[in-house]
Amino acid sequence: MGTPVKDAVIPESAPKSLLVQKHADYIAAYGLKKDDYEYCMTEYLRMSGMYWGLTALDLLGQLGRMDRQQVLDFIQHCQHDGGGFGASPGHDPHLLYTLSAVQIVVLFEAQDQVNVAGVVEFIQSLQQEDGSFWGDKWGEVDTRFSFCAVACLSLLNRLDAVDTDKAVEFVLSCMNFDGGFGCRPGSESHSGQIYCCLGFLALLGQLHHVNADMLGWWLSERQLPSGGLNGRPEKLPDVCYSWWVLASLKIIGKLHWINKEKLVQFILACQDEETGGFADRPGDMVDPFHTLFGVAGLSLLGQAELKPVNPVFCMPEELIRGTGIHLELL
């Protein structure tokens with residue numbers, strides 16, 4: 001007998017419709033509980049947490065519930081003299097949090113509230129001879145950082161600031177025999193890295209280097225009998241991969257290669273009917289990270305109550321269209 005497939009179980013009692021108001025209330029209340037253990041322990045990723053929550057609210061059509069100036073004041077306090085942003089005031093700058101900060105100011109159409117020239121200089125300083133990017137001054141290299149750099153510069157209309165030809169060379173050197181991408185040359189394919197590399201290539205008009213059929217097969221194989229998607233073979237499904245895998249399939253024109261109905265059922269089952277929010281799997285604890293990617297995944301699948309989401313930036317499509325950014329999708 002073969003080894004049983006690792007999978008989640010969807011209870012009969014699981015939610016079957018989108019709890020729009022519950023999710024909006026959950027996100028709006030999250031930042032008010034500043035004495036909660038969970039809130040205090042997540043200071044090291046506060047900037048990304050704000051991006052997750054604010055974007056989810058915007059896709060739900062309720063961004064207006066948040067205090068715009070309070071958010072922008074926080075972001076300003078997180079920008080360093082060198083131009084990059086930290087996760088919270090006093091934290092070192094990093095590309096991951098710099099992208100989240102830029103996405104938030106674009107959500108609020110407030111680019112004039114931050115030092116854009118400083119952001120550009122920070123990103124420039126992190127590109128290496130081989131085209132890769134460090135995440136910060138400590139020198140870790142990862143294809144996620146290539147995406148963060150190019151996404152930031154695209155949103156700020158400053159792609160001219162880095163060597164994009166070299167950057168493309170590096171990302172393509174991370175492509176594997178299965179059509180996927182890893183974090184560095186020789187690293188195994190992973191759905192999160194694939195999303196980053198496809199988003200990067202879409203922004204630079206270089207998707208023709210991808211074998212869409214082979215990669216589409218690998219990505220569609222991530223769907224398990226429960227309908228959920230995993231990040232790589234032999235792993236449990238997780239709502240966040242409803243974004244990483246689905247957005248990747250959308251970018252390469254293969255969204256129809258998975259069972260949409262079963263995936264919708266899985267995502268909806270991960271909602272908490274009492275508190276609002278999404279968990280990684282049915283019955284687990286909810287958090288803002290999985291809430292955004294549950295909402296964004298449903299948006300990609302055409303959920304009527306949600307704004308359409310852009311598959312590269314994970315931001316409302318209407319906003320990206322307004323920036324004039326040209327995206328090449330297959």
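**Exercise 1.** Which residues does V105 touch, not counting residues up to four places away in sequence?

*Solution.* The model is predicted, so local features need pLDDT of at least 70 and side-chain atom pairs count only at pLDDT 80 or more, while totals for chains, interfaces and linings use all residues. Residues are numbered from 1 along each chain as its sequence is written, and side-chain values use heavy atoms, with hydrogens and water left out.

Step 1. Place the residue: V105 belongs to helix 5 (residues 95-107). Helices are DSSP runs of H or I with at least four residues, numbered from the N terminus.

Step 2. Check accessibility: V105 has a relative accessible area of 1% and is buried. Buried means under 20% relative accessible area, exposed over 50%, and partly exposed in between, with a 1.4 Å probe and protein chains only.

Step 3. List the contacts, where contact means heavy atoms within 4.5 Å. V105 touches L72, I75, A110, Q111 and V114.

Step 4. Add a C-alpha separation: V105 and R68 are 37 residues apart along the chain, and 9.7 Å separates their C-alpha atoms.

**Exercise 2.** Describe the salt bridge of D25 and the accessibility of its two residues.

*Solution.* Step 1. Apply the criterion: a side-chain nitrogen of Lys or Arg within 4 Å of a carboxyl oxygen of Asp or Glu. The structure holds 8 salt bridges.

Step 2. Find the partner: D25 pairs with R65, with 2.8 Å between the closest N and O atoms. The pair links distant parts of the chain, 40 residues apart: D25 is in helix 1 (residues 20-30), and R65 is in the loop between helix 3 (46-59) and helix 4 (68-78).

Step 3. Classify both ends: D25 is partly exposed at 35% relative accessibility, and R65 is partly exposed at 40%.

**Exercise 3.** For the salt bridges D142 to R144 and D280 to R281, state the N to O distance and the burial of each residue.

*Solution.* Step 1. D142 and R144 meet at 3.2 Å, N to O. D142 is buried, at 5% relative accessible area, whereas R144 is partly exposed, at 28%.

Step 2. In the bridge between D280 and R281, the closest N and O atoms are 3.2 Å apart. Both D280 and R281 are buried.

Step 3. Look for shared partners: D58, K307 and E318 are joined into one network by salt bridges.

**Exercise 4.** What surrounds S132?

*Solution.* Step 1. S132 sits in the loop between helix 6 (116-126) and helix 7 (143-155). At 2% relative accessibility, S132 is buried.

Step 2. The S132 side chain makes a polar contact with the side chain of D130, at 2.6 Å. A polar contact is a pair of N or O atoms within 3.5 Å; within protein, one must be able to donate a hydrogen and the other to accept it, and residues adjacent in sequence count only if both atoms are side-chain atoms.

Step 3. Leaving aside neighbours within four places in sequence, S132 is in contact with L126, Q127, V141 and F170.

**Exercise 5.** Place L203 and find its contacts.

*Solution.* Step 1. L203 is in helix 9 and is buried, with a relative accessible area of 7%.

Step 2. L203 and A151 lie 52 residues apart in sequence and 7.4 Å apart in space, C-alpha to C-alpha.

Step 3. Beyond neighbours within four places in sequence, the contacts of L203 include F147, V150, A151, L159, V312 and F313.

Terms used. Helix = DSSP H or I, 4+ residues; strand = E, 2+ residues; numbered from the N terminus.
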